[in-house]
Amino acid sequence: MFTGIVEIVGTVAALEQLDETASGGGGTSLTISDAQEILGDANLGDSISVNGTCLTITEFDKSTFKVGVAPETLRRTNLGSLIQGSRVNLERAVSATTRMGGHFVQGHVDTIATILSVTPDGNALTFRFRPRDPSVLRYIVEKGYVTLDGASLTVTQVQDGLDGWMEVMLIAYTQERVVTAAKKPGEDVNVEVDMVGKYVEKSVAGYFEGKTGGDFAILEKMVSRIVDEKLMSLGK
(Lines give C-alpha, C1' and ligand atoms only; values in the text may rest on other atoms or scores of the structure.)
Protein backbone atom coordinates (compact mmCIF):
# COMPACT_ATOMS: atom_id res chain seq x y z
CA MET A 1 0.00 0.00 0.00
CA PHE A 2 1.20 3.51 -0.85
CA THR A 3 0.08 7.12 -0.42
CA GLY A 4 0.73 8.52 -3.89
CA ILE A 5 3.19 11.05 -2.45
CA VAL A 6 6.32 10.53 -4.55
CA GLU A 7 9.43 10.43 -2.35
CA ILE A 8 12.17 10.76 -4.96
CA VAL A 9 12.79 10.42 -8.69
CA GLY A 10 15.17 7.62 -9.66
CA THR A 11 16.98 6.75 -12.89
CA VAL A 12 16.67 3.56 -14.93
CA ALA A 13 20.11 1.92 -15.00
CA ALA A 14 19.03 -1.19 -16.92
CA LEU A 15 15.99 -3.00 -18.29
CA GLU A 16 16.88 -6.61 -19.03
CA GLN A 17 14.43 -8.75 -20.99
CA LEU A 18 16.02 -12.03 -19.91
CA ASP A 19 17.80 -11.70 -16.59
CA GLU A 20 19.11 -15.15 -15.66
CA THR A 21 20.75 -14.06 -12.43
CA ALA A 22 19.32 -15.23 -9.12
CA SER A 23 17.76 -11.79 -8.53
CA GLY A 24 16.39 -11.67 -12.09
CA GLY A 25 14.64 -15.03 -11.90
CA GLY A 26 14.96 -15.71 -15.61
CA GLY A 27 12.51 -12.96 -16.59
CA THR A 28 12.46 -9.22 -17.12
CA SER A 29 14.18 -7.10 -14.51
CA LEU A 30 14.48 -3.38 -13.92
CA THR A 31 17.41 -1.76 -12.14
CA ILE A 32 16.97 1.72 -10.69
CA SER A 33 19.81 4.00 -9.56
CA ASP A 34 19.96 7.33 -7.67
CA ALA A 35 17.73 5.81 -5.00
CA GLN A 36 20.00 6.13 -1.95
CA GLU A 37 17.53 8.36 -0.10
CA ILE A 38 14.98 5.54 0.23
CA LEU A 39 17.23 2.49 0.57
CA GLY A 40 18.56 3.11 4.07
CA ASP A 41 15.86 0.89 5.60
CA ALA A 42 15.34 -1.42 2.62
CA ASN A 43 15.11 -5.21 2.83
CA LEU A 44 14.91 -7.93 0.24
CA GLY A 45 11.27 -8.61 -0.56
CA ASP A 46 10.12 -5.08 0.25
CA SER A 47 7.43 -3.55 -1.93
CA ILE A 48 8.32 -0.36 -3.77
CA SER A 49 6.32 1.76 -6.20
CA VAL A 50 8.02 2.45 -9.53
CA ASN A 51 5.91 4.84 -11.62
CA GLY A 52 2.92 3.69 -9.61
CA THR A 53 3.57 -0.03 -10.06
CA CYS A 54 4.02 -2.14 -6.93
CA LEU A 55 7.17 -4.23 -7.41
CA THR A 56 9.37 -6.38 -5.18
CA ILE A 57 13.00 -5.59 -4.38
CA THR A 58 15.14 -8.60 -5.32
CA GLU A 59 18.58 -7.00 -4.96
CA PHE A 60 19.93 -3.69 -3.68
CA ASP A 61 22.99 -1.79 -2.51
CA LYS A 62 23.42 1.72 -1.12
CA SER A 63 22.07 3.55 -4.16
CA THR A 64 20.63 0.98 -6.57
CA PHE A 65 17.91 -1.67 -6.47
CA LYS A 66 16.53 -4.33 -8.79
CA VAL A 67 12.94 -5.49 -9.22
CA GLY A 68 11.37 -8.23 -11.30
CA VAL A 69 8.70 -7.24 -13.83
CA ALA A 70 6.06 -9.87 -14.67
CA PRO A 71 4.58 -10.24 -18.19
CA GLU A 72 1.18 -8.97 -16.98
CA THR A 73 2.89 -5.88 -15.58
CA LEU A 74 4.60 -5.21 -18.90
CA ARG A 75 1.27 -5.52 -20.71
CA ARG A 76 -0.63 -3.31 -18.29
CA THR A 77 1.91 -0.53 -17.61
CA ASN A 78 4.41 1.73 -19.33
CA LEU A 79 7.42 0.07 -17.69
CA GLY A 80 8.30 -1.87 -20.83
CA SER A 81 8.91 1.37 -22.71
CA LEU A 82 11.53 2.58 -20.24
CA ILE A 83 15.11 2.89 -21.46
CA GLN A 84 18.42 3.50 -19.76
CA GLY A 85 18.34 7.02 -18.35
CA SER A 86 14.55 7.23 -18.03
CA ARG A 87 13.39 8.93 -14.86
CA VAL A 88 10.84 7.20 -12.63
CA ASN A 89 8.76 8.15 -9.59
CA LEU A 90 9.61 6.15 -6.47
CA GLU A 91 7.78 5.59 -3.18
CA ARG A 92 8.31 3.06 -0.40
CA ALA A 93 5.36 1.11 0.96
CA VAL A 94 3.57 2.76 3.88
CA SER A 95 4.59 2.00 7.45
CA ALA A 96 2.73 2.35 10.73
CA THR A 97 4.07 5.90 11.06
CA THR A 98 3.45 7.10 7.49
CA ARG A 99 1.26 10.18 7.15
CA MET A 100 -1.52 9.63 4.60
CA GLY A 101 -0.84 12.77 2.59
CA GLY A 102 -2.39 11.48 -0.65
CA HIS A 103 -4.89 8.62 -0.78
CA PHE A 104 -4.87 4.83 -0.55
CA VAL A 105 -2.86 3.60 -3.53
CA GLN A 106 -2.41 -0.11 -4.17
CA GLY A 107 0.21 0.08 -6.88
CA HIS A 108 -2.03 -2.04 -9.13
CA VAL A 109 -2.10 -0.17 -12.42
CA ASP A 110 -5.46 -0.31 -14.22
CA THR A 111 -4.36 0.98 -17.62
CA ILE A 112 -2.14 3.53 -19.30
CA ALA A 113 -3.24 6.92 -20.62
CA THR A 114 -1.80 9.06 -23.39
CA ILE A 115 -1.15 12.75 -22.89
CA LEU A 116 -3.36 14.71 -25.30
CA SER A 117 -2.28 18.20 -24.32
CA VAL A 118 -0.29 20.23 -21.82
CA THR A 119 -1.63 23.74 -21.19
CA PRO A 120 0.10 26.35 -18.99
CA ASP A 121 -2.18 28.10 -16.49
CA GLY A 122 -0.20 30.68 -14.57
CA ASN A 123 2.64 28.74 -12.96
CA ALA A 124 0.64 25.48 -13.15
CA LEU A 125 0.29 22.97 -15.98
CA THR A 126 -2.99 21.33 -17.01
CA PHE A 127 -2.56 17.84 -18.48
CA ARG A 128 -5.30 16.14 -20.49
CA PHE A 129 -5.14 12.34 -20.77
CA ARG A 130 -7.03 9.74 -22.79
CA PRO A 131 -6.97 6.26 -21.18
CA ARG A 132 -6.31 3.23 -23.36
CA ASP A 133 -9.22 1.54 -21.59
CA PRO A 134 -12.02 4.14 -21.53
CA SER A 135 -14.07 2.05 -19.08
CA VAL A 136 -11.91 3.32 -16.20
CA LEU A 137 -13.43 6.78 -16.66
CA ARG A 138 -16.55 5.66 -14.79
CA TYR A 139 -14.44 5.53 -11.62
CA ILE A 140 -13.03 9.02 -12.15
CA VAL A 141 -14.93 12.06 -10.92
CA GLU A 142 -14.22 15.76 -10.81
CA LYS A 143 -12.32 16.66 -7.63
CA GLY A 144 -11.72 12.97 -6.96
CA TYR A 145 -8.39 11.18 -6.75
CA VAL A 146 -6.46 9.48 -9.54
CA THR A 147 -2.95 8.05 -9.44
CA LEU A 148 -0.73 8.90 -12.43
CA ASP A 149 2.73 7.32 -12.56
CA GLY A 150 2.39 6.79 -8.81
CA ALA A 151 1.49 10.39 -7.94
CA SER A 152 -1.80 11.10 -6.16
CA LEU A 153 -3.48 13.91 -8.09
CA THR A 154 -6.84 15.67 -8.09
CA VAL A 155 -9.04 15.43 -11.17
CA THR A 156 -10.09 18.88 -12.43
CA GLN A 157 -12.28 17.76 -15.34
CA VAL A 158 -13.49 14.48 -16.82
CA GLN A 159 -15.38 13.58 -19.98
CA ASP A 160 -16.88 10.09 -20.26
CA GLY A 161 -17.26 8.03 -23.42
CA LEU A 162 -15.10 6.10 -25.89
CA ASP A 163 -13.21 9.28 -26.73
CA GLY A 164 -13.32 10.45 -23.13
CA TRP A 165 -10.54 12.15 -21.24
CA MET A 166 -9.56 13.49 -17.86
CA GLU A 167 -7.54 16.48 -16.72
CA VAL A 168 -5.29 17.19 -13.76
CA MET A 169 -3.34 20.29 -12.82
CA LEU A 170 0.25 20.19 -11.58
CA ILE A 171 1.25 23.07 -9.33
CA ALA A 172 4.81 24.37 -9.45
CA TYR A 173 5.88 22.37 -6.38
CA THR A 174 4.64 19.08 -7.89
CA GLN A 175 6.23 19.83 -11.25
CA GLU A 176 9.64 19.75 -9.58
CA ARG A 177 9.05 16.39 -7.91
CA VAL A 178 7.36 14.04 -10.40
CA VAL A 179 8.33 12.74 -13.84
CA THR A 180 4.96 13.56 -15.39
CA ALA A 181 5.75 17.28 -15.56
CA ALA A 182 8.49 16.67 -18.14
CA LYS A 183 6.35 14.48 -20.39
CA LYS A 184 4.96 15.68 -23.71
CA PRO A 185 1.78 14.99 -25.72
CA GLY A 186 1.88 11.46 -27.09
CA GLU A 187 3.71 10.01 -24.09
CA ASP A 188 2.03 7.59 -21.67
CA VAL A 189 1.42 7.47 -17.93
CA ASN A 190 0.29 4.64 -15.66
CA VAL A 191 -3.22 5.06 -14.27
CA GLU A 192 -4.71 3.62 -11.09
CA VAL A 193 -8.22 4.72 -10.21
CA ASP A 194 -9.44 5.19 -6.65
CA MET A 195 -10.35 1.73 -5.34
CA VAL A 196 -13.32 3.11 -3.39
CA GLY A 197 -15.21 3.60 -6.65
CA LYS A 198 -14.83 -0.08 -7.52
CA TYR A 199 -16.15 -1.19 -4.13
CA VAL A 200 -19.12 1.14 -4.39
CA GLU A 201 -19.92 -0.10 -7.90
CA LYS A 202 -19.82 -3.71 -6.72
CA SER A 203 -22.04 -2.94 -3.75
CA VAL A 204 -24.60 -1.05 -5.84
CA ALA A 205 -24.66 -3.90 -8.38
CA GLY A 206 -25.14 -6.37 -5.52
CA TYR A 207 -28.04 -4.35 -4.14
CA PHE A 208 -29.95 -4.29 -7.42
CA GLU A 209 -29.16 -7.93 -8.16
CA GLY A 210 -30.31 -8.98 -4.70
CA LYS A 211 -26.89 -10.24 -3.73
CA THR A 212 -25.80 -9.11 -0.29
CA GLY A 213 -23.50 -10.27 2.47
CA GLY A 214 -19.87 -11.27 2.38
CA ASP A 215 -17.03 -8.85 2.86
CA PHE A 216 -19.09 -5.92 1.62
CA ALA A 217 -22.11 -6.37 3.92
CA ILE A 218 -21.63 -3.10 5.80
CA LEU A 219 -21.10 -1.08 2.64
CA GLU A 220 -24.06 -2.78 0.98
CA LYS A 221 -26.31 -1.86 3.92
CA MET A 222 -25.16 1.74 3.60
CA VAL A 223 -25.84 1.74 -0.16
CA SER A 224 -29.23 0.11 0.42
CA ARG A 225 -30.21 2.79 2.91
CA ILE A 226 -29.11 5.63 0.61
CA VAL A 227 -30.97 4.14 -2.37
CA ASP A 228 -34.13 3.55 -0.33
CA GLU A 229 -34.07 7.09 1.03
CA LYS A 230 -33.58 8.52 -2.45
CA LEU A 231 -36.47 6.50 -3.87
CA MET A 232 -38.73 7.60 -1.00
CA SER A 233 -37.84 11.25 -1.61
CA LEU A 234 -38.88 10.81 -5.23
CA GLY A 235 -42.18 9.28 -4.11
CA LYS A 236 -41.49 5.86 -5.60
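## The largest nonpolar core

In this predicted model, the largest nonpolar core has 23 residues. The members that touch the most others are Phe 129, Val 146, Leu 148, Met 166 and Val 191. Six strands each supply at least two residues of this core: S7 (111-121), S8 (124-131), S9 (145-148), S10 (151-159), S11 (165-170) and S12 (188-193). In soluble globular proteins, nonpolar side chains tend to be buried together.

Another core lies apart from the largest one and has 19 residues. Leu 30, Ile 32, Ala 42 and Ile 57 are among them.

## Leu 148 and its contacts

Which residues does Leu 148 touch, if those up to four places away in sequence are not counted? The list is Phe 129, Leu 153, Met 166, Val 168, Thr 180, Val 189, Asn 190 and Val 191. Of these, Phe 129, Met 166 and Val 191 also appear with Leu 148 among the core members that touch the most others.

Leu 148 also takes part in strand pairing, and its bridge partner in S12 is Val 191. The two residues are therefore linked in two ways: they are bridge partners, and Val 191 is on the list of residues that Leu 148 touches.

## Strand S12 and its partners

Strand S12 is mostly covered, with five of its six residues buried. S12 pairs with S7 in the antiparallel sense, over four bridges. Within this pairing, Ala 113 has Val 189 in S12 as its bridge partner. S12 also pairs with S9, again in the antiparallel sense, over three bridges.

## Thr 126 in strand S8

Thr 126 belongs to strand S8. Is this residue buried or exposed? Thr 126 has a relative accessible area of 13%. Buried means under 20%, so Thr 126 counts as buried.

Leaving out residues up to four places away in sequence, Thr 126 touches Ser 117, Val 118, Thr 119, Asp 121, Glu 167, Val 168 and Met 169. One of these, Val 168, is also touched by Leu 148.

## Strands S3, S4 and S5

Strand S3 covers residues 47-50 and strand S4 covers residues 53-60. The two run antiparallel and are joined by four bridges. In one of the pairs, Ser 47 has Thr 56 in S4 as its bridge partner. S3 and S4 form a hairpin with two residues between them. Asn 51 is in the turn and has a positive phi of about 50°.

S4 also pairs with strand S5, residues 65-69, in the antiparallel sense over three bridges. Here Glu 59 stands opposite Lys 66 in S5. The hairpin that joins S4 to S5 passes through four residues.

## The chain as a whole

The protein chain has four helices and 12 strands. Along the principal axes, its C-alpha atoms fill a box of roughly 65 × 45 × 35 Å. The chain has 236 residues, and 42% of them count as buried. Among contacts with a separation of 6 or more, 63% are between residues 24 or more positions apart.

The protein chain exposes about 12600 Å², and carbon and sulfur atoms supply 53% of this area. What charges does the protein chain carry, and how far apart are their mean positions? There are 22 positive and 31 negative charges, and the mean positions of the two sets are 5 Å apart.

Conventions
Residues are numbered from 1 along each chain as its sequence is written. This is a predicted model: local features need pLDDT of at least 70, side-chain atom pairs count only at pLDDT 80 or more; totals for chains, interfaces and linings use all residues. Side-chain values use heavy atoms; hydrogens and water are left out. Two strands pair if DSSP finds at least two bridges between them. Buried means under 20% relative accessible area, exposed over 50%, partly exposed in between (1.4 Å probe, protein chains only). Contact means heavy atoms within 4.5 Å. Accessible areas come from the Shrake-Rupley method with a 1.4 Å probe; for residues, only the protein chains shown count as cover. Lys and Arg count as positive and Asp and Glu as negative; His and the chain ends are not counted. The place of a charge is taken as NZ of Lys, CZ of Arg, CG of Asp or CD of Glu. A nonpolar core is a set of buried Ala, Val, Leu, Ile, Met, Phe, Trp, Tyr and Cys residues joined through side-chain atoms within 4.5 Å.
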